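Here is a short report on one structure. It starts with the nonpolar core and then turns to the ligand shell and the annotated positions.

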Amino acid sequence: MPLPKAELHLHIEGTLEPELAFELAARNGVELPYADTEALRKAYLFDDLQSFLNLYYSLMAVLRTEDDFAALADAYLARAAAQGVRHAEIFFDPQAHTARGISIGTVVEGLWRALAASEERHGVSTRLIMCFLRDEPAESALLTLEAARPHLDRITGIGLDSAEVGHPPAKFREVYEAAAALGLRRVAHAGEEGPPAYITEALDLLGVERIDHGLRALEDPDLVARLVRDRVPLTLCPLSNVRLRAVDVLAEHPLPAMMDAGLLCTVNSDDPAYFGGYAEDNFRAVREALGLSPERLRELARNSFEAAFLDDDEPRRAR
Ligand code: ES4
Ligand code: ZN
């Protein structure tokens with residue numbers, strides 16, 4: 001039986017399996033530039049974050065209706081449940097959809113339909129986290145936050161994703177301030193491909209409560225001391241790091257060294273349809289490649305619940 005765990009770093013658009021992509025393409029009359037699911041899977045070979053993102057954004061063309069978003073999220077939640085996930089905090093990229101003429105309401109309400117049924121159907125509690133694309137202007141993020149206002153009862157927090165290098169956290173200071181004023185929780189991708197200074201900046205300027213990835217934290221001892229002292233969770237994604245070549249091979253992943261340093265690490269799946277595995281697949285991979293002991297694996301599962309936004313049920317938002 002897989003360990004019960006919380007999934008804290010999961011892009012719902014990154015759960016689009018080739019089979020569902022073709023099914024939605026047929027339903028919506030969208031032409032995919034691949035002969036079949038086999039050919040599409042062969043395209044899942046990446047050199048870096050940008051080459052992955054190009055495919056990830058182009059495949060979103062098949063997602064058009066509330067039903068599509070509900071089907072995507074329900075398929076993910078079923079797979080997550082089978083892998084021991086009891087709680088999932090799910091990222092979505094509204095700008096990737098509004099840019100192609102799909103309203104944020106279609107996205108949020110479609111996802112919400114699957115999330116609202118999830119405890120009963122799959123035994124998985126959920127939260128929704130809206131991510132801003134950091135390679136788009138800050139002004140676009142502010143407009144997106146504004147457009148999300150009617151749906152904020154569905155949304156627990158905000159995040160920051162897409163191409164990291166050249167788009168430091170400082171660029172989004174204003175939008176994070178506005179989100180905080182709305183009572184939203186804050187996370188951000190930092191230190192995936194970008195330098196440890198981006199992690200420090202996300203803490204100092206954006207007020208984030210968790211760091212997504214944080215893979216490069218060990219390069220800065222002062223930062224490590226701070227992350228340990230403040231128990232700032234890191235949502236690591238080992239299979240993602242290998243597929244996007246942030247680490248050469250899994251056996252060289254810094255996870256054991258990070259845990260030894262006292263960092264609050266969690267293991268997550270990022271974009272499981274693209275990177276070769278869901279939550280338990282990532283746990284199994286680190287167990288096998290890094291020889292993590294049963295105690296270490298239990299620590300990772302325990303950390304995932306400590307790092308989760310499970311304490312946000314009290315009415316606290318002035319909206
Ligand atoms: C992402 Cl792995 C990763 N990094 C940054 N942005 C993303 N969006 C979806 N997956
Ligand atoms: Zn990610």
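The largest nonpolar core holds 87 residues. Within this core, I12, A73, F92, L111 and A202 touch the most other members. This is a predicted model. In soluble globular proteins, nonpolar side chains tend to be buried together.

Take I12. Not counting residues up to four places away in sequence, I12 touches L72, A73, Y76, I90, F91, F92 and L111.

Now the ligand. Around ligand 1 sit H11, G14, L49, Y56, D161, S162, H189, E192, S240, D270 and D271. This shell divides into 2 nonpolar, 5 polar and 4 charged residues.

Two residues of the shell, E192 and D271, are compared below. The features come from UniProt, in an unreviewed entry: "active site" for E192 and "binding site" for D271.

| Residue | Loop between | C-beta neighbours within 10 Å |
|---|---|---|
| E192 | β5 (185-190) and α10 (196-206) | 24 |
| D271 | β8 (264-267) and α14 (272-275) | 25 |

Are these two buried or exposed? The cut-off for buried is 20 or more other C-beta atoms within 10 Å. E192 has 24, so E192 counts as buried. D271 has 25, so D271 is buried too.

Next, their contacts, leaving aside neighbours within four places in sequence. E192 is in contact with L49, E164, H213, L215 and A246. One of these, L49, is also a residue around ligand 1. D271 is in contact with H11, G14, Y56 and S240. H11, G14, Y56 and S240 also belong to the ligand 1 shell.

Terms used
Residues are numbered from 1 along each chain as its sequence is written. Chains are lettered from A and ligands numbered from 1 in the order in which they are written. This is a predicted model: local features need pLDDT of at least 70, side-chain atom pairs count only at pLDDT 80 or more; totals for chains, interfaces and linings use all residues. A residue is near a molecule or strand if its C-beta atom, placed from the backbone, lies within 6 Å of it. Ala, Val, Leu, Ile, Met, Phe, Trp, Tyr, Cys and Pro count as nonpolar, Asp, Glu, Lys and Arg as charged, and the others, Gly among them, as polar. UniProt positions are given in the numbering used here, feature names are shortened, and annotations may be inferred rather than shown by experiment. Helices (H or I, at least four residues) and strands (E, at least two) are DSSP runs, numbered from the N terminus. A residue is buried if 20 or more other C-beta atoms lie within 10 Å of its own, exposed if 12 or fewer, and partly exposed in between; C-beta atoms are placed from the backbone. Two residues are in contact if their C-beta atoms, placed from the backbone, lie within 7 Å. A nonpolar core is a set of buried Ala, Val, Leu, Ile, Met, Phe, Trp, Tyr and Cys residues joined through C-beta atoms within 7 Å.
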